[in-house]
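Visitor: Please take a close look at the helical part of this protein chain, with attention to how its helices pack and how well its residues are covered.

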Amino acid sequence: MLATSEEVEARSVHHYLPLALSTTNEIVFGSFSTVSIFSPGNSTGAMDSTGLPPIPGEAADISEIIRYRALRGYGLDLMANYWIAVELRHPNLIKLWSWLLDLQPSNSNTAAGEAKVSPISKKTPGISKKSPGISKADSTGESIGIIGANSLTRQKEGLPNLQPLPYEGALALIQGQEKQSTHRTAPDPSEDRGGWFVAHYVSKERERALRLCGWCPLEERAAIETLLRRLQQRSLFQRAAALALFHLDVNRAIRALVEGSKALSQGFNSSRIMHMPTDEGDVKARWGESKREEEQAGGRADDLRMAAIAISGYGTANKLWRATCQLLLRQLKSPYLRAALTFLSSDGSAQGLADVLQQYDMDLRDRVGFALRFLPDAQLVGYLNTCLKNSVRDGLLEGILITGVSARNQGTCALLQAYVDRTTDIQTAALVACYAGAGLPTPPPVPGEGVTQQGSIPQVSTLNLDAKSAEKKTPIQTFRVWMHNYRSLLDSWRLWMQRARLDVSRALLSRAAQTLSTSGRYPPGVGEQGKGG
């Protein structure tokens with residue numbers, strides 16, 4: 001080509017290439033008579049010998065994760081959802097489904113996350129397998145998973161026994177108190193708590209909110225002991241000791257620490273015998289791994305022993321003991337042990353309570369439970385609002401403890417929307433929304449929702465999802481948009497069986513909620529959501 005400057009330029013001419021992106025992460029493009037298909041190595045279209053795609057890695061696209069979970073049986077079965085979250089190592093979802101499991105009427109007598117769940121099968125979604133259980137530890141060494149309980153089995157095509165959940169959250173309960181909480185400043189003469197007492201607040205609304213956290217009223221000594229024993233069975237010794245102190249039982253806290261120290265030492269020694277190396281390479285690999293495990297287990301055991309000694313030397317007038325506790329706090333890695341010693345050494349002072357609530361590595365349910373027991377009404381409402389604001393800001397689903405599982409609560413919708421904005425995991429949001437809207441009447445169609453006369457599901461592109469229109473929708477309308485999008489996604493992947501199972505489960509859940517509403521029988525702590533209460 002001759003340019004105006006009489007210089008020759010070499011240029012090539014290409015036709016426009018037709019390009020298409022499939023819903024299984026494959027790219028198809030054509031050039032002249034050639035059609036090429038590019039498929040990433042971890043494509044969601046690939047299947048292993050069990051008929052399931054490979055487990056998505058940490059860098060997997062959210063579409064791969066959603067499709068994998070759908071094939072595994074991720075739906076309205078809380079038990080299956082929990083174990084799928086454990087399998088994929090998603091702490092945010094582990095805490096969500098664990099807490100919702102505790103709210104189920106069948107698990108209402110189960111304390112503090114000890115849900116009656118079992119691992120699920122690799123081959124058939126929803127079928128339990130023989131396994132000692134799955135546990136995952138977070139950065140503090142505290143387990144965030146539930147160690148497997150007794151296996152529960154179902155028929156291959158069976159559906160879970162779905163029941164509506166209590167819809168009120170901790171914030172709504174406290175704001176709806178009929179009268180101010182009672183401030184107890186002296187112990188009951190009939191109770192023996194090792195000579196230690198801290199002033200606290202009680203009311204029937206606080207008691208209901210405490211049960212949402214998995215905590216027990218102070219007078220229910222048998223229930224408290226059951227709670228602590230279950231935590232120790234799951235090797236959550238730090239949390240057991242802290243909760244014993246938060247339930248005002250010093251002697252029980254010391255016992256949990258001593259038993260935990262022994263269990264950690266003995267448990268590691270026995271595990272070394274079970275894992276004998278088989279070759280030279282295995283010797284080196286296992287030696288390094290065992291060395292790290294030994295150091296971690298030994299460190300936790302030492303922390304438990306030091307904390308037990310510190311707590312056993314408790315004395316309100318002992319300045320040396322308090323100074324020693326302050327030094328020990330800097331060495332302890334567990335937030336629960338730091339919170340326990342801080343609480344004990346402060347004797348319930350305002351600053352001590354604030355320091356405990358600033359242990360952000362503790363589970364939100366335990367921080368909220370602590371606030372429900374020891375903060376006055378005005379400070380409690382402010383603290384719950386702060387926790388909710390932080391949960392919405394960070395998209396942390398454990399904040400649903402504060403909002404409740406309710407389609408009438410704007411906070412629930414805001415929390416789920418924040419989670420979707422951060423993760424684009426519309427699947428989880430739609431499933432939680434099913435429980436939040438169970439038993440409520442069907443809302444009018446959302447503007448821009450393109451449902452055909454035959455009732456077919458609209459494509460994602462036909463839904464108006466911009467932020468301004470979302471602000472105008474009610475929570476139940478937003479939930480409906482999420483469900484339509486998720487059902488459309490399943491249809492686009494040709495996962496018709498999974499979509500049909502979801503539809504049937506939704507109908508069963510709605511029927512169960514309506515039955516409870518009309519008969520006047522509700523899950524513990526549930527008001528008449530279906531009647532507009």
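Guide: A residue counts as buried when its relative accessible area is under 20%, as exposed when that area is over 50%, and as partly exposed in between. The model is predicted. With the cut-off of 20% in mind, L516 can be placed: its relative accessibility is 10%, so L516 is buried. L516 belongs to helix α20, which spans residues 496–519. In sequence, L516 stands 353 residues from Q163, yet the C-alpha atoms of the two are 9.3 Å apart in space.

The chain as a whole gives the setting for this pair. Its secondary structure comprises 20 helices and five strands. Of its 533 residues, 47% are buried. When contacts between residues at least 6 apart in sequence are considered, 62% of them link residues at least 24 apart. The accessible surface amounts to about 26,900 Å², and carbon and sulfur atoms account for 53% of this area.

The loop before α20 offers a contrast to L516. R494 sits in the loop between α19 and α20. Its phi is near 65°, which is positive although the residue is not glycine. With a relative accessible area of 64%, R494 is exposed, whereas L516 is buried.

Beyond that loop lies the packing of α19. Two packed helices are described by the angle between their axes and by the distance between those axes. For helix α17 (residues 426–436) and helix α19 (residues 475–492), the angle is about 130° and the axes are 9 Å apart. The two helices are therefore oblique to each other. The crossing of α17 past α19 is left-handed. On the side of α17, the contact involves I426, Q427, A429, A430, L431, A433, C434 and A436, while α19 contributes F479, W482, M483, N485 and Y486. Sorted by class, this contact contains eleven nonpolar and two polar residues, and no charged ones.

The other loop of interest joins α16 to α17, and T424 lies within it. Like R494, T424 is a residue other than glycine with a positive phi: about 55° for T424 and near 65° for R494. Their cover can be set side by side: T424 is partly exposed at a relative accessible area of 46%, and R494 is exposed at 64%.

Helix α16 (residues 410–423) in turn packs with helix α14 (residues 377–394), at an angle of about 30° and with axes 7 Å apart. That angle makes α14 and α16 roughly parallel to each other. Their contact is formed by S391, V392, R393 and D394 of α14 together with A414, L415, A418 and R422 of α16. Here the residues fall into four nonpolar, one polar and three charged, whereas the contact of α17 with α19 has no charged residues.

Helix α13, residues 364–374, completes the picture. Eleven of its eleven residues are buried, so the helix is largely enclosed by the rest of the structure. Among these buried residues are L364, V368, F370, A371, L372 and F374, and the list also includes R365, D366, R367 and R373. G369 is another of the buried residues of α13.

Definitions and conventions
Residues numbered from 1 in each chain as written. Predicted model: local features only at pLDDT ≥ 70, side-chain atom pairs only at ≥ 80, totals over all residues. Heavy atoms only, no water. Helix = DSSP H or I, 4+ residues; strand = E, 2+ residues; numbered from the N terminus. Buried < 20%, exposed > 50% of the residue type's maximum accessible area, 1.4 Å probe, protein only. Contact = heavy atoms within 4.5 Å. Areas by Shrake-Rupley, 256 points an atom, 1.4 Å probe, with all protein chains shown as cover. Axes fitted to C-alpha atoms, helices over the stretch in contact; angles between N-to-C directions. Parallel < 35°, antiparallel > 145°, perpendicular 65-115°, else oblique. Left-handed = near helix turned anticlockwise from the far one by under 90°. Nonpolar A, V, L, I, M, F, W, Y, C, P; charged D, E, K, R; others polar.
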